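Me: I would like to go through the empty spaces, the cores and the domains of this protein. Shall we take them one by one?

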Amino acid sequence: MLRIAVPNKGSLSERATTMLAEAGYLQRRDPKELVLVDAENEVEFFYLRPRDIAVYVGSGDLDLGVTGRDLLLDSGADAVEMLALGFGKSTFRFAARPGTVESIGDLAGRRIATSYAGLVRQHLAEHGVAAEVIRLDGAVETAIRLGVADVIADVVETGATLRQQGLEIVAEPILRSEAVVIRGKGQSESGADHRVDQLTRRLNGVLVARRYVMLAYDVELARLDAAVALTPGIEGPTISPLHKDGWVAVQAMVPREDTNRIMDSLYDLGARAILVTSIHACRL
């Protein structure tokens, strides 16, 4: 069995299990279930704390895992990122009282509170900055007001929580994180296990299906080149003759976010019967 760790709770858990189910893998229905065997796909899933997953994968006790890039780097485990999954995105930033810090060099000698001590120490070391890093389990926003730290490092979305505490974002981002598939450093990236390659292909198929839709339309042959310029597809559109003299039917994958703009442009060009179909899975 290929052993894969999946977050058991938190923001990554539901979206990770949903994506694996879309990729054709059996997933648990009871949140209390800690281990699930998918015999058909020769995979065994272990539902673990997201922060522990990189440690298990890095030690070789598990083959692969789904966790956050931030948790991977913070763990210092012997594991590496294998595939970005496009969800669970977050940005890690420094924050301090207004006017106290401008650049990362100003952090030298300061006390920095964070829940990601390993990640922050690594970032400071890369920039040659010596500072005291204080690890807290949560609610780091109050650390400055309570006198525990001079600066904090945490996930920042809108910055509203920081402003409520009288803080502002300072310096450049520490890291842009998202959910990733990880493997041990000693494990071959591909080819050694067909189940790893299969998982990667399936997850990539889900990612593509989420980014693209299938667009179909009819257009006059005289305007085909202009239409194809709008819908080049992945490897080229499918073009079929219609039982209508001088017209063809076209099918092509287009980016989901551009769908309506492309449809408007095709309509203005003279295309008709423009239809959009969602893609549930694919292999490219």
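Reply: A pocket here is an open set of grid points with protein on both sides within 12 Å along at least five of seven lines, and its lining residues have an atom within 4 Å of a point. The model is predicted.

Me: Which residues lie nearest the centre of the largest pocket?
Reply: The pocket has a volume of about 400 Å³. Its lining counts 17 residues. Nearest the centre are S11, L12, D70, L71 and Y116.

Me: Which helices each supply at least two residues of the lining of the largest pocket?
Reply: The lining divides into 5 nonpolar, 6 polar and 6 charged residues. Two helices each supply at least two residues of it. They are helix 2 (50-59) and helix 3 (69-75).

Me: Where does the largest pocket lie with respect to the domains?
Reply: The domain assignment gives domain 1 (2-86 + 179-191), domain 2 (90-177) and domain 3 (212-278). Residues of the lining come from both domain 1 and domain 2. The largest pocket therefore lies between domain 1 and domain 2.

Me: How many residues of domain 2 are in contact with domain 1?
Reply: The C-alpha centres of these two domains lie 29 Å apart. Contact means heavy atoms within 4.5 Å. On the domain 1 side, 7 residues take part. On the domain 2 side, the number is 11.

Me: What is the volume of the second largest pocket, and which element gives the largest share of its lining?
Reply: The space in the second largest pocket is about 180 Å³. Its lining has 13 residues, with E141, V155, V156, E157 and T161 closest to the centre. Strand 6 (90-96), strand 9 (151-156) and helix 5 (160-164) each supply at least two residues. The largest share, 4 residues, comes from strand 9.

Me: How many nonpolar residues are in the lining of the second largest pocket?
Reply: Sort the lining by class. There are 4 charged and 3 polar residues. The nonpolar residues number 6.

Me: Which element gives the most to the largest nonpolar core?
Reply: This core has 26 residues, and I4, F45, L85 and L203 touch the most other members. Elements that give two or more residues include strand 1 (2-7), helix 1 (13-22), strand 3 (43-48) and strand 11 (179-184). With 5 residues, the top contributor is helix 6.

Me: Which residues is L203 in contact with, leaving aside its neighbours within four places in sequence?
Reply: L203 is one of the core members that touch the most others. Its sequence neighbours within four places are left aside. What remains is M19, L20, A23, L83, L85 and V181.

Me: How many residues are in the second, separate core?
Reply: Among its members are L71, L107, I174 and L175. L71 is also one of the residues nearest the centre of the largest pocket. The second core has 21 residues.

Me: Which element gives the largest share of the lining of the largest cavity?
Reply: The structure holds 1 cavity of 30 Å³ or more. The largest cavity has a volume of about 40 Å³. R15, A16, M19, L20, V66, L85, F87 and L203 line it, and by class they are 7 nonpolar, no polar and 1 charged. The largest share, 4 residues, comes from helix 1.

Me: Is R69 buried or exposed?
Reply: R69 is found in helix 3. Leaving aside neighbours within four places in sequence, its contacts are E81, A84, L175, R176, S177, E178 and V180. Its relative accessible area is 15%, and the cut-off for buried is under 20%. So R69 is buried.

Me: Is E42 buried or partly exposed?
Reply: E42 lies in the loop between strand 2 (35-38) and strand 3. Its phi is near 60 degrees, a positive value in a residue other than glycine. Most residues other than glycine have a negative phi. With a relative accessible area of 37%, E42 is partly exposed.

Me: Is A171 buried or exposed?
Reply: A171 lies in strand 10 (residues 168-177). Its phi is near 60 degrees, again a positive value in a residue other than glycine. The relative accessible area is 15%, so A171 is buried.

Methods:
Residues are numbered from 1 along each chain as its sequence is written. This is a predicted model: local features need pLDDT of at least 70, side-chain atom pairs count only at pLDDT 80 or more; totals for chains, interfaces and linings use all residues. Side-chain values use heavy atoms; hydrogens and water are left out. On a 1 Å grid over the protein atoms alone, a cavity is a set of points where a 1.4 Å probe fits but cannot get out, and a pocket is an open set with protein on both sides within 12 Å along at least five of seven lines; lining residues have an atom within 4 Å of a point. Grid points are joined across faces, edges and corners, and a volume is the space filled by probe spheres set on the points. Ala, Val, Leu, Ile, Met, Phe, Trp, Tyr, Cys and Pro count as nonpolar, Asp, Glu, Lys and Arg as charged, and the others, Gly among them, as polar. Domain bounds come from an automatic or database domain assignment. A nonpolar core is a set of buried Ala, Val, Leu, Ile, Met, Phe, Trp, Tyr and Cys residues joined through side-chain atoms within 4.5 Å. Buried means under 20% relative accessible area, exposed over 50%, partly exposed in between (1.4 Å probe, protein chains only).
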